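Colleague: I would like a close look at the pockets of this protein. Please walk me through what lines them.

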Amino acid sequence: MSVKREVFISVDVETAGPIPGEFSMLSIGACVVFDPAMNFACELKPINCNADPKALEVTGLSLEELARTGLDPSEAMRRFKEWLATVADTDGTVVFVGFNAPFDWSFVNYYFHRFGERNPFGFTALDIKALYMGATGCDWADTRSSRIAERLKPSLAGDHDALHDAQYQAEIFRLISSRLIERKE
């Protein structure tokens with residue numbers, strides 16, 4: 001049995017609130033971790049009017065505007081799945097990578113299943129915060145993005161644009177990975 005090539009995909013979502021189903025996923029940004037120019041982004045029509053005002057304030061997104069301009073969720077998930085298939089090709093399997101991956105993965109998983117698509121990531125995700133904690137031995141409180149950035153000095157920064165944040169997360173992942181490789185040598 002041959003092992004498929006792993007294609008690490010940094011994924012970030014912006015949402016209208018803390019849980020899928022009750023609140024809408026508003027945007028998806030994703031990129032190949034080791035080739036962030038290969039990327040995907042879309043905005044989605046809300047599935048309801050529920051919103052945490054603080055979540056909308058952080059993202060700058062408007063439910064009313066997205067209701068007019070966003071993709072239908074089934075179309076968005078179909079396009080995302082097609083993009084993932086393209087970057088994985090026939091010999092690859094996609095691995096979900098996120099910063100606080102449980103949050104982002106829960107929305108992506110819910111939307112894939114609710115809108116008629118099998119989740120290409122399966123039921124697992126690689127969390128950058130946990131990877132960093134394991135790599136450094138730091139406390140959980142030290143896995144905040146600001147503290148990680150202080151130590152790793154990435155060139156990018158997060159700004160709550162899903163694609164920009166996915167690319168920022170990919171850089172953080174690469175920096176952690178390179179330090180792990182250095183420790184092995």
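Modeller: Here are the pockets, then one helix and the cysteines. This is a predicted model, in which local features need pLDDT of at least 70, side-chain atom pairs count only at pLDDT 80 or more, and totals for chains, interfaces and linings use all residues. Residues are numbered from 1 along each chain as its sequence is written, and side-chain values use heavy atoms, with hydrogens and water left out.

Start with the largest pocket. About 490 Å³ of space lies in it. A pocket here is an open set of points on a 1 Å grid over the protein atoms alone, where a 1.4 Å probe fits, with protein on both sides within 12 Å along at least five of seven lines; lining residues have an atom within 4 Å of a point. The volume is the space filled by probe spheres set on the points, which are joined across faces, edges and corners.

The lining has 20 residues. Nearest the centre lie Asp-12, Val-13, Glu-14, His-160 and Asp-165. Strand S1 (5-15) gives the largest share, four residues. Helices H1 (53-59), H4 (101-114) and H7 (162-184) each supply at least two. Helices (H or I, at least four residues) and strands (E, at least two) are DSSP runs, numbered from the N terminus. By type, the lining holds seven nonpolar, eight polar and five charged residues. Ala, Val, Leu, Ile, Met, Phe, Trp, Tyr, Cys and Pro count as nonpolar, Asp, Glu, Lys and Arg as charged, and the others, Gly among them, as polar.

The second largest pocket holds about 180 Å³ of space. Its lining includes Lys-4, Lys-81, Asp-89 and Arg-118. Helix H3 (73-88) provides the largest share, four residues. Five lining residues are nonpolar, two polar and four charged.

Now back to H4. Its end C-alpha atoms are 19 Å apart, which agrees with the 20 Å that its 14 residues should span at 1.5 Å a residue. That expected span is 1.5 Å times one less than the number of residues. Among its buried residues (under 20% relative accessible area, 1.4 Å probe, protein chains only) are Trp-105, Phe-107 and Tyr-111. The buried residues of H4 pack against S1, H3 and S4, among others, with contact meaning heavy atoms within 4.5 Å. Gly-116 follows H4 and has a positive phi, near 80°.

Last, the cysteines. There are zero disulfides (pairs of cysteine sulfur atoms within 2.5 Å). For Cys-42, the nearest cysteine sulfur, that of Cys-31, is 14 Å away. Cys-42 is buried, with a relative accessible area of 10%. Cys-138 is buried too, at 13%.

How values were computed:
Buried means under 20% relative accessible area, exposed over 50%, partly exposed in between (1.4 Å probe, protein chains only).
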